[in-house]
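Good morning, colleagues. I should like to take you through one structure, beginning with its sheet and ending with its helix packing.

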Amino acid sequence: MQKEARPGTGEQAKQHALVRLRQAILQGEMAPAQRLVENELAEQFDVTRASVRAALIELESEGLVERIRNRGSRVRVVTVEEAVAITECRMALEGLCAAKAAVAASDEQLAELSDLGKAMSKAVADGEPVTYSELNHEVHARIREFSGQQVAVELLERLNAQLVRHRFQLALRPGRAQQSLSEHLDMIEAIKSRDPQAAEAAVRVHLGSVIDALRD
C-alpha cells in the first residue's frame with residue numbers, strides 16, 4: 001500500500017485509516033494474525049496514532065481485528081468453527097434475500113443474473129478459479145441488492161467480510177468450482193422463475209455445501 005496525501009486530522013483522518021485498513025484486510029494484503037502496529041500504520045497512512053487506534057477499534061467491532069492483551073492488535077483469525085457458524089447465519093439471511101429477489105427483481109436485473117451465470121460457466125470451463133471466485137461474490141451481492149431487504153444486506157456485509165480468507169481457499173480447492181457452479185445456476189434459475197420458495201431452498205443447498213466444504 002502506497003502512502004497518500006495527508007487526509008487531515010480528527011474524523012477525516014480516522015475514516016481514511018479505516019477505509020485503507022479495511023480494504024487491505026478484505027483484499028488479503030494483510031494476512032490473518034498479522035500484527036497491526038499503530039506507529040507503523042500511522043506513518044504509512046500519514047495520520048496520527050490516535051486516528052489509527054480509533055480505526056482499529058471500529059474494525060474490531062466489525063470482526064476484522066482483534067486486540068490481544070499486552071500485545072496490541074492483529075488481523076483476526078476466523079477459525080473453521082466460526083466460519084461454519086457465520087455461514088449458518090448467512091443461510092437464513094441469504095435465503096431471505098433470494099426469496100425476495102425472486103419477487104422484486106426487474107426483468108433487466110434477472111437478465112444481469114443470467115449473464116453472471118454464463119460468465120461463471122465460462123470461468124469454470126477456462127480453468128480460472130480466481131475469476132470464478134470474483135463472479136461468485138458478485139452473484140451473491142446482486143441477489144442481495146435486488147432483494148431490497150436493506151437490513152439483511154447490511155448484516156450480510158458484516159458477516160461476509162469475516163469470511164474472505166476462507167472464501168479464497170475454497171475457490172482454489174480442486175473440483176470445488178464445478179460443484180459450486182451448478183448450485184449457483186440453480187439459484188439463478190429459481191430467481192428467474194420468480195419462485196421464492198425454490199430460490200430460498202437453492203441458497204440453503206448451496207450454503208449447506210459450503211459448510212460441508214469448510215469442514216473437509
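Let me first fix one term: two strands are said to pair if DSSP finds at least two bridges between them. Please also keep in mind that this is a predicted model.

With that term in hand, consider the hairpin of β2 and β3. Strand β2 covers residues 65–68 and strand β3 covers residues 72–75, and the two pair in the antiparallel sense over four bridges. Three residues lie between the strands, and in this hairpin Asn70 adopts a positive phi near 65°.

Which residues of β3 are the partners along this ladder? Ile68 has Gly72 as its bridge partner in β3. Arg67 is bridged to Ser73 of β3, and Glu66 stands opposite Arg74 in that strand.

Arg74 appears once more on the other side of the discussion, as the bridge partner in β3 of Arg35. The pairing of β1 with β3 is antiparallel and comprises two bridges. Taken together, three strands make an open sheet in the order β1-β3-β2, with antiparallel pairing. Its edge strands are β1, residues 35–36, and β2, each of which pairs on one side only. As a general remark, side chains in a regular strand alternate between the two faces of the sheet.

What lies across this sheet? Helix α3, residues 49–61, lies across β1, β2 and β3. Its direction is at about 110° to that of β2.

A word on annotation. The UniProt record, an unreviewed entry, places the feature "domain: HTH gntR-type" at residues 11–78. In the model, this span is 54% helix and 15% strand, and its end C-alpha atoms lie 29 Å apart.

I turn now to the helix pairs. In general, two packed helices are described by the angle between their axes and the distance between the axes.

The first pair is α4, residues 80–104, with α7, residues 150–161. Their axes are 10 Å apart, and the packing angle is about 150°. Angles over 145 degrees count as roughly antiparallel, and α4 and α7 are therefore roughly antiparallel to each other. The crossing of α4 past α7 is left-handed. On the α4 side, the contact involves Ile86, Cys89, Arg90, Leu93, Glu94, Leu96 and Cys97; on the α7 side, Ala152, Leu155, Leu156, Leu159 and Asn160. By class, the residues of this contact are nine nonpolar, one polar and two charged.

The second pair is α6, residues 129–147, with α8, residues 164–171. Here the axes come within 9 Å and cross at roughly 130°. Are α6 and α8 roughly antiparallel or oblique to each other? They are oblique, and the reason is that an angle of roughly 130° does not fall in the range over 145 degrees, nor in that from 65 to 115. The crossing of α6 past α8 is right-handed. Pro129, Ser133 and His137 of α6 make the contact with Arg167, Phe168 and Ala171 of α8. These residues divide into three nonpolar, two polar and one charged.

Thank you for your attention.

Terms used: Residues are numbered from 1 along each chain as its sequence is written. This is a predicted model: local features need pLDDT of at least 70, side-chain atom pairs count only at pLDDT 80 or more; totals for chains, interfaces and linings use all residues. Side-chain values use heavy atoms; hydrogens and water are left out. UniProt positions are given in the numbering used here, feature names are shortened, and annotations may be inferred rather than shown by experiment. Axes are lines fitted to C-alpha atoms, for helices over the stretch in contact, and angles run from 0 to 180 degrees between N-to-C directions. A crossing is left-handed if the near helix is turned anticlockwise from the far one by less than a right angle, and right-handed if clockwise. Contact means heavy atoms within 4.5 Å. Ala, Val, Leu, Ile, Met, Phe, Trp, Tyr, Cys and Pro count as nonpolar, Asp, Glu, Lys and Arg as charged, and the others, Gly among them, as polar. Angles under 35 degrees count as roughly parallel, over 145 as roughly antiparallel, 65 to 115 as roughly perpendicular and the rest as oblique.
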